[in-house]
Amino acid sequence: MKKNLLLFILLIFLVLMNGTLLYLFFSKAPGRPAPPHLFIVKELRFSPSQMQQYDSLQDEFESAMRPLRERTRTTKDALFNSISKERYAERAIDSLTSIIGTLAKEEDQQVARHFRAIYELCDEKQKRQFRRILKDALHGPGKNGHGPPPR
């Protein structure tokens, strides 16, 4: 009798655990997490007019960045493929890394221009908030009174 009761309790426990796990597994939102650029939109609370302009800026930015990212990727592929070639050439490595550096510079310039364009969309209150977001992004949380204190 005690064996049956113990098995029954164990069976109920396992059924409840499986049910909980299934619920947690299927209740998660499908798809990928929201893109980081939506964080700025949420934090700055853009008006519908600003959102329309922001969407246009974001499309232009992605169009400008796509070819730069592709060129960077293919150049890095060439760099790492050259490592395993029979005729290893230091000049080729220097040339490829110089190209990668130039592409990184162009990407950073595009990002800076994009952030400036977003900044220009903002009203004065949003500009203060945007500066704080950039400062936190550059210096990390926990500095300048933002985020948790250091341990």
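Lys127 has its place in helix H5 of this predicted model. Its relative accessibility is 13%. A residue counts as buried when its relative accessible area is under 20%, so Lys127 is classed as buried at its value of 13%. When residues up to four places away in sequence are set aside, Lys127 touches Tyr119 and Cys122. The contact with Tyr119 can also be read from the other side: with the same residues left out of the count, Tyr119 touches Lys127, Phe130 and Arg131.

Both partners of Lys127, Tyr119 and Cys122, lead to the interior of the protein. They are members of the largest nonpolar core, which has 12 residues. The other members of this core are Ile40, Val41, Leu44, Phe46, Tyr54, Leu57, Ile118, Leu121, Phe130 and Ile133. Four elements give two or more residues to the core, namely H2, helix H3 (48-83), helix H4 (90-121) and H5.

The whole protein provides the setting for this core. The protein contains 5 helices and 0 strands, and along the sequence its pattern reads α-α-α-α-α. Of its 151 residues, 21% are buried. Among contacts between residues at least 6 apart in sequence, 65% join residues at least 24 apart.

One residue of the core, Ile133, is found in helix H5. Its relative accessible area is 9%, and Ile133 is therefore buried. Leaving aside neighbours within four places in sequence, Ile133 is in contact with Phe39, Glu43 and Leu44. A further pair shows how positions separated in sequence can be compared in space: Ile133 and Ile40 are 93 residues apart in the sequence, while their C-alpha atoms are 8.0 Å apart.

The contacts of Ile133 belong to the meeting of two helices. Helix H2 covers residues 37-44 and helix H5 covers residues 124-139; their axes come within 10 Å and cross at roughly 140°. Because of this angle, H2 is oblique to H5. The crossing in which H2 passes H5 is right-handed. On the H2 side, the residues that take part are Phe39, Ile40, Glu43 and Leu44, and they meet Gln126, Gln129, Phe130, Arg132 and Ile133 in H5. By class, the residues of this contact divide into 5 nonpolar, 2 polar and 2 charged.

How do the axes of H3 and H4 cross? They come within 9 Å of each other and cross at roughly 170°. Angles over 145 degrees count as roughly antiparallel, and H3 and H4 are therefore roughly antiparallel to each other. The contact of H3 with H4 has 17 nonpolar, 9 polar and 5 charged residues.

The loop between H2 and H3 contains Arg45. Is Arg45 buried or exposed? With a relative accessible area of 69%, Arg45 is exposed. The backbone at this position also deserves attention. Most residues other than glycine have a negative phi. Arg45 is not a glycine, yet Arg45 has a positive phi of about 50°.

Conventions: Residues numbered from 1 in each chain as written. Predicted model: local features only at pLDDT ≥ 70, side-chain atom pairs only at ≥ 80, totals over all residues. Heavy atoms only, no water. Axes fitted to C-alpha atoms, helices over the stretch in contact; angles between N-to-C directions. Parallel < 35°, antiparallel > 145°, perpendicular 65-115°, else oblique. Left-handed = near helix turned anticlockwise from the far one by under 90°. Contact = heavy atoms within 4.5 Å. Nonpolar A, V, L, I, M, F, W, Y, C, P; charged D, E, K, R; others polar. Buried < 20%, exposed > 50% of the residue type's maximum accessible area, 1.4 Å probe, protein only. Core = buried A, V, L, I, M, F, W, Y, C linked by side-chain atoms within 4.5 Å.
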